[in-house]
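Good morning, colleagues. I should like to take a few minutes to go through one structure with you. Please have the sequence and the model in view as I speak.

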Amino acid sequence: MALPPPDPQFVLRGASAAVHTLHFSCGSQEPDVPILFSGSENGFVHVWNLKTHRVDTALDGHGRKSVYCVETMGGKDRLLSQGRDQRICLWDLAEGRTSVVDSVFTENVGFCRCSLLKVAQGRWLMAMAARALEEVQVLELPSKTSVCTLKPEVGAKLGMPMCLKLWQLNCGSQPLLLAGYEDGSVVLWNLSMGKALSQLVCHQEPVMSLDFDSEKAKGISGSSEKVLSIWSLNEQQNLQVYKTHKLVNAGISDITIRPDKKILATAGWDHRIRIFGWKKMKPLAVLDYHTATVHCVSFSDHKNPSERLLAAGSKDHRISIWSIYTQT
């Protein structure tokens, strides 16, 4: 008999708007408190204290326009947030500060989350949907120098980029970009050449979210359909369909593979969070708590596996926090 799914370990209330993005910062040592950043539809980034379960700070940098991406840059004192005001803000949160120290004007009207990759100490690449609808721009941070603009070939009809994932095999290797598009394609881009290496139609509808496991050279994507697409990258850097997994209900807003690559979580339009084993896509749990669409899922970066958490943010204004499969 399968065990019944657990209740959330706790629930964070007080975002007072739909929650669109989540990012943990729990890797540092005591006395540092583990924290969770959330971005919501009312334009605020909330900094949640996971010991008290309350908001420590509310950051207001996007003119009350929805925040749909938050990331940290090498620790919880450097934050990046992206909003529907077409701005990406870089925050300095050290020593109690709450200041935007720099920003990038994306001129992009969509809601494609940017992607960050650390390439050297204090140096990052950031991929973002560009002003021209089908293009992706890659910048270096903090200098904001342009690295490349990735333009589909004439007549490719990919539509807008919907989700982005920068990655590299190991520290010194070439950074690459996986991009999911409006036409259902996933494309692998080489940044130094600025050209597409491979393209695969994974969905009949726009790709809403993707994640990639560079060790296994295997990725997963979701759309508004009733199917998850699992695909792989061979040694010639060609994308191939590995398999598809049928879902009970249509619509996936977000997918994330846990850092240890054992399990993954999906955020569903059906209000549910689903947990799968990553190796064989075995369904492990359905977490049923929210009363509206789940927009985002995120795993914590705790050093100790038994402390690891899963967070989910929903249109119902709540963030559920779960402790599951911490023994694997």
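**A buried glutamate and its surroundings**

Let me begin with Glu-225, which is buried but takes part in no salt bridge. The nearest side chain of opposite charge belongs to Lys-246, and it is 9.1 Å away. Please bear in mind that this is a predicted model.

Where does Glu-225 sit? Its place is the loop that links β19 to β20, the latter covering residues 227-233.

What, then, does the side chain of Glu-225 reach? It comes to 2.9 Å from the backbone nitrogen of Gln-204. It also makes a polar contact with the side chain of His-203, at 3.1 Å. Setting aside residues up to four places away in sequence, Glu-225 touches His-203, Gln-204 and Glu-205, and also Leu-247, Ala-250 and Gly-251.

I turn next to the strands that come before this loop. Strand β18, residues 209-213, has five of its five residues buried, and it is therefore largely enclosed by the rest of the structure. Which residues lie on each side of β18? On one face are Ser-209, Asp-211 and Asp-213, and on the other are Leu-210 and Phe-212; all are buried, so that both faces are covered.

The partner of β18 is β19, residues 218-222; the two run antiparallel and are joined by five bridges. Within this pairing, Asp-213 stands opposite Lys-218 of β19. Four residues lie between the strands of this hairpin, in which Ala-217 adopts a positive phi near 50°.

A second hairpin may be set beside that one. Strands β8 (residues 87-92) and β9 (residues 99-105) pair in the antiparallel sense, over six bridges. Ile-88 has Val-104 in β9 as its bridge partner. Here six residues separate the strands, and Glu-95 takes a positive phi near 50°.

Finally, I come to the nonpolar cores. The largest contains 18 residues, and Leu-150, Leu-177 and Leu-191 have the most contacts inside it. Elements that contribute two or more residues to this core are β11 (123-129), β12 (136-141), β13 (145-150), β14 (161-167), β15 (176-181) and β16 (185-190). Apart from this core lies another, of 15 residues, which include Ala-15, Leu-50, Cys-296 and Ala-311.

What does Leu-150 contact beyond its neighbours within four places in sequence? Its contacts include Val-136, Val-138, Leu-177, Trp-189 and Leu-191, and among them too are Glu-134, Glu-135 and Asn-190.

Thank you for your attention.

Definitions and conventions: Residues are numbered from 1 along each chain as its sequence is written. This is a predicted model: local features need pLDDT of at least 70, side-chain atom pairs count only at pLDDT 80 or more; totals for chains, interfaces and linings use all residues. Side-chain values use heavy atoms; hydrogens and water are left out. Buried means under 20% relative accessible area, exposed over 50%, partly exposed in between (1.4 Å probe, protein chains only). Two strands pair if DSSP finds at least two bridges between them. Lys and Arg count as positive and Asp and Glu as negative; His and the chain ends are not counted. A salt bridge is a side-chain nitrogen of Lys or Arg within 4 Å of a carboxyl oxygen of Asp or Glu. A polar contact is a pair of N or O atoms within 3.5 Å; within protein, one must be able to donate a hydrogen and the other to accept it, and residues adjacent in sequence count only if both atoms are side-chain atoms. Contact means heavy atoms within 4.5 Å. A nonpolar core is a set of buried Ala, Val, Leu, Ile, Met, Phe, Trp, Tyr and Cys residues joined through side-chain atoms within 4.5 Å.
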